[in-house]
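Me: I keep running into labels when I look at a structure, and I'd like to know what stands behind them. Can we go through some together?

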Amino acid sequence: MRIRGLVALLAAIAAFAVGASSASAVLTAPAGQPPGSNDFGCRPSAAHPRPVILTHGLSASGPLNWATLSPRLKARGYCVFAPTYGLNPLIAFLGVPGGILPMEQSSREYAAFVDRVRAATGASKVDIVGHSEGTVMPRWYLEKLGGAAKVQKFVALTPLWRGTTLLGLDQVRDLGAQFGLAKPVLDLLGVLCGSCSQFLRGSDYLNALNADGEAVPGIEHTNIVTKYDELVSPYTSGIMRDGGTNVVLQDVCPNDFSEHGLVAFDPVVATMVENALDPEHAQPVRCG
């Protein structure tokens, strides 16, 4: 029984990582930087005084996640930055992109990157646009590393503030705990993917973040979710309960079938992001 439980728990949680990788690999990752991003000579304009930091999801990268949104924001006059974080050197030779390290560790990388952007651009604050892991990883930076004082707006695409119950992985984890299996299995998985188990509903990571609520005081939150999210289950995990503006994509465009990965490439969502960053010059959202 214990051996079967061990195998089931390891396989089930690994399935989440595989699923996330498949969803994020909508496009082949281009080499180098996302178009229009990471120009440390960029100076914010009066119209867009805060740099925008695009923050990718699990097993993605800056070039993969933001090939569409980065050049679009750049063309609209923003200083755009898109780091790749959380690379695990133990499996880098397999071509696995970022977001793999424990999110507490990635958040320290992220904090250093934000400070570098602020120093280079002269901006006192930045705005964040995050996708998937790029929504919950920055929260550690905001809440535990003093980042809230350096961020004005946080636009979250397919967030999972309360985690996911995908394939019942949270229940498998809890079942394994009854037999003393959960910790050794999670430790084993953590060698390869330290963040994977942190996405599950009821994880220590999410419990620590949500102990004092989901919205970060002082941050202007916008949360954009899709009913067709196959990885964040239920998709309503991304609807913030205690603050912010919550948008269900299909409430605006009923025939938009973008799922977890495609949201980052959807022009409808791109308009929503732009409107959240600059509500004073909001444009009509055109479905199609």
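Me: What makes Glu 274 buried?

Reply: This is a predicted model, and everything here is computed from it. Buried means under 20% relative accessible area. Glu 274 has 9%, so Glu 274 is buried.

Me: And why is Arg 76 called partly exposed?

Reply: Arg 76 has a relative accessible area of 41%. Partly exposed is the range between under 20%, which is buried, and over 50%, which is exposed. The 41% of Arg 76 falls in that range, so partly exposed is the label.

Me: How do you know that Glu 274 and Arg 76 form a salt bridge?

Reply: Look at the closest N and O atoms of the two: they are 3.1 Å apart. The cut-off is within 4 Å, so the pair counts as a salt bridge. Glu 274 sits in helix H10, while Arg 76 sits in the loop between helix H3 and strand S2, 198 residues apart. Arg 72 joins in too: Arg 72, Arg 76 and Glu 274 are linked in a network of salt bridges. In total, the structure holds 9 salt bridges.

Me: What makes Glu 220 and Lys 153 a salt bridge?

Reply: Same kind of check: the N to O distance is 2.6 Å, and the limit is within 4 Å. Glu 220 lies in strand S5 and Lys 153 in strand S4, so this salt bridge ties together parts that are 67 residues apart in sequence.

Me: Which of these two, Glu 220 or Lys 153, counts as buried, and which as partly exposed?

Reply: Lys 153 has 8% relative accessibility, and buried means under 20%, so Lys 153 counts as buried. Glu 220 has 36%, which is between 20% and 50%, so Glu 220 counts as partly exposed.

Me: How do you know that Arg 162 forms a salt bridge with Glu 214?

Reply: Their closest N and O atoms are 2.9 Å apart, and within 4 Å is what's asked for. Arg 162 is in the loop between S4 and helix H6, and Glu 214 is in the loop between helix H8 and S5, 52 residues apart. Both residues are buried.

Me: Why are H4 and H5 called roughly perpendicular?

Reply: Their axes cross at roughly 75°. Angles from 65 to 115 degrees count as roughly perpendicular, so the label fits H4 and H5. The two axes also come within 8 Å. Among the residues that meet are Tyr 110 and Val 114 in H4, and Trp 140 and Tyr 141 in H5. By class, this contact has 9 nonpolar, 2 polar and 2 charged residues.

Me: What makes S2 and S6 the edge strands?

Reply: The 6 strands form an open sheet in the order S2-S1-S3-S4-S5-S6, with parallel pairing. S2 and S6 each pair on one side only.

Me: How do you know that S4 and S5 pair?

Reply: Two strands pair if there are at least two bridges between them. S4 and S5 have 5 bridges, in the parallel sense, so they pass. One example is Leu 157, whose bridge partner in S5 is Ile 224. S5 and S6 pair in the parallel sense as well, over 4 bridges, and there the bridge partner of Val 225 is Val 248 in S6.

Me: What makes S5 mostly covered?

Reply: Of its 6 residues, 5 are buried.

Methods
Residues are numbered from 1 along each chain as its sequence is written. This is a predicted model: local features need pLDDT of at least 70, side-chain atom pairs count only at pLDDT 80 or more; totals for chains, interfaces and linings use all residues. Side-chain values use heavy atoms; hydrogens and water are left out. Axes are lines fitted to C-alpha atoms, for helices over the stretch in contact, and angles run from 0 to 180 degrees between N-to-C directions. Helices (H or I, at least four residues) and strands (E, at least two) are DSSP runs, numbered from the N terminus. Angles under 35 degrees count as roughly parallel, over 145 as roughly antiparallel, 65 to 115 as roughly perpendicular and the rest as oblique. Contact means heavy atoms within 4.5 Å. Ala, Val, Leu, Ile, Met, Phe, Trp, Tyr, Cys and Pro count as nonpolar, Asp, Glu, Lys and Arg as charged, and the others, Gly among them, as polar. A salt bridge is a side-chain nitrogen of Lys or Arg within 4 Å of a carboxyl oxygen of Asp or Glu. Buried means under 20% relative accessible area, exposed over 50%, partly exposed in between (1.4 Å probe, protein chains only).
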